[in-house]
Amino acid sequence: MGAERPTLDTVAAAAGVSRMTVSNAYNRPDQLSGETRARVLAVAEQLGYAGPDPAARSLRRGRAGTIGVLMTERLPYAFLDPGMVLIMAGIAGELSAAGRAMLLVPSGVRDSADVVRGAVVDAFVVCSMDEHDEALVAVRARRLPLVVVGSPRLTGVPLVGVDNRRAGSLAAAHLLDLGHRQLGVVDLRGRQPGDPEDPNLPVRFGIHERAQGFRRAVASRGGATTVARAAEHSHDEGVTAALSLLDRPPAARPSAVFAVTDVLALAVLDAAERLGIDVPGELSVVGFDDIAAAGHSRPPLTTVRQELQGLGRAAATVALDLVAGRPARVADLRAELVVRGSSAPPRPAAPPEP
């Protein structure tokens with residue numbers, strides 16, 4: 001049998017100091033002289049003692065120094081989706097500046113509620129979830145400070161995000177003012193609030209609100225919309241959805257398309273190029289988010305900008321306020337239209353042949 005694992009008491013005996021002195025060497029170094037602390041840590045290193053157990057230490061302190069981030073998608077999404085990358089960067093930057101850590105917690109996976117219940121965190125930031133998701137139910141049962149990004153709206157819980165319906169209507173007003181009346185929407189497949197559709201589908205309430213705001217604004221001014229839904233939030237699935245709208249005779253296809261994210265809008269541009277449709281001469285395209293690639297596409301993408309990194313920073317600020325017992329400072333975040341080269345008035349219809 002191998003040697004027993006060294007403990008705080010083992011180090012104290014070897015260094016000839018009290019148990020409290022060893023504890024202070026790790027937890028309250030200001031209580032020791034530099035020489036004493038250096039000697040204790042050197043003995044600990046020789047014995048292979050890595051320090052107090054972090055979970056036990058956090059329980060004693062009543063603080064973990066970590067904020068949990070719970071999202072509806074699987075973990076790789078946080079590193080692959082351009083918009084989510086910016087939100088996470090904002091959260092991480094704010095927490096890092098405050099000396100806090102971030103723990104990513106996925107939902108929609110097996111035993112996600114158990115993962116939530118075992119997470120050693122001081123608060124949770126929840127990103128776009130169904131309020132009935134078992135992981136979110138587990139979060140609320142823990143009664144830790146909680147802030148929501150996007151959705152759902154929960155009574156008494158701070159919500160950080162833009163008004164997605166209003167933001168969608170900005171895109172509609174722009175295209176309608178240009179003269180477009182037959183419009184397409186590339187949305188994402190996903191559950192709607194209260195919709196009994198496949199429970200394995202991601203929750204995308206905020207994104208659906210963008211499409212809803214767009215369609216309502218178009219209808220209010222006598223326009224018509226045709227909707228295609230991408231199966232996943234990816235470029236390839238966006239191209240597939242866009243082709244279903246555009247691969248038609250000119251008179252039967254929309255003269256403008258609104259995509260609920262820039263990832264999908266860039267896919268619309270590629271689908272148009274594949275079909276030989278000129279943008280913006282024959283087709284206008286508007287996206288949502290204003291990710292970096294939007295300004296570098298050909299043509300540059302007109303889009304509805306939300307400051308994604310700022311959204312993440314705002315959520316982290318609220319979480320830190322709640323943990324510290326301060327009133328939550330919820331930033332007033334607004335979306336704005338950024339007009340670039342992918343939108344223009346519709347081309348006049350060709351006169352009928354004699």
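**Exercise 1. Find the order of the strands in the open sheet and the way they pair.**

*Solution.* Start by tracing the sheet across: its five strands follow the order E2-E1-E3-E4-E5, and the sheet is open. Next, look at the direction of the strands: the pairing is parallel. Keep in mind as you trace that this is a predicted model.

**Exercise 2. Explain why one side of strand E2 and of strand E5 is left without a neighbour in the sheet.**

*Solution.* First locate the two strands: E2 covers 101-106 and E5 covers 159-160. Both stand at the edges, where each has a single partner strand, so one side of each has no neighbour in the sheet.

**Exercise 3. Work out how many bridges join strand E3 to strand E4, and which residue in E4 stands opposite Cys-127.**

*Solution.* Begin with residues 123-127 for E3 and residues 146-149 for E4. These strands run parallel and are joined by four bridges. Now go to Cys-127: the residue opposite is Val-149 in E4.

**Exercise 4. Step back and describe the protein as a whole.**

*Solution.* Count the elements: there are 13 helices and eleven strands. Then turn to burial, taking "buried" as under 20% relative accessible area. Of the 354 residues, 47% are buried. For the surface, about 17,700 Å² is exposed, with 51% of it supplied by carbon and sulfur atoms. Finally, consider contacts between residues at least 6 apart in sequence: 65% of them join residues at least 24 apart.

**Exercise 5. Describe the largest cavity: its space, its lining and the helices that supply the lining.**

*Solution.* Note that the structure holds two cavities of 30 Å³ or more. The largest has about 450 Å³ of space. Its lining comprises 29 residues, and those closest to the centre are Met-84, Ile-87, Ser-128, Ile-207 and Arg-210. Sorted by class, the lining has 13 nonpolar, eleven polar and five charged residues. To finish, look for the helices: H6 (82-97), H10 (205-220) and H13 (308-324) each supply at least two lining residues.

**Exercise 6. Which residues line the second largest cavity, and how do they divide by class?**

*Solution.* This cavity holds about 30 Å³ of space. Walk around its wall and you meet Asp-81, Pro-82, Gly-83, His-233, Asp-262, Val-263, Asp-289 and Ile-291. The elements giving two or more of the lining residues are H6 and helix H12 (262-275). Sorting by class gives three nonpolar, two polar and three charged residues. Helix H6 thus turns up again, having also supplied at least two residues to the lining of the largest cavity.

Note on methods:
Residues are numbered from 1 along each chain as its sequence is written. This is a predicted model: local features need pLDDT of at least 70, side-chain atom pairs count only at pLDDT 80 or more; totals for chains, interfaces and linings use all residues. Side-chain values use heavy atoms; hydrogens and water are left out. On a 1 Å grid over the protein atoms alone, a cavity is a set of points where a 1.4 Å probe fits but cannot get out, and a pocket is an open set with protein on both sides within 12 Å along at least five of seven lines; lining residues have an atom within 4 Å of a point. Grid points are joined across faces, edges and corners, and a volume is the space filled by probe spheres set on the points. Ala, Val, Leu, Ile, Met, Phe, Trp, Tyr, Cys and Pro count as nonpolar, Asp, Glu, Lys and Arg as charged, and the others, Gly among them, as polar. Buried means under 20% relative accessible area, exposed over 50%, partly exposed in between (1.4 Å probe, protein chains only). Contact means heavy atoms within 4.5 Å. Accessible areas come from the Shrake-Rupley method with a 1.4 Å probe; for residues, only the protein chains shown count as cover. Two strands pair if DSSP finds at least two bridges between them.
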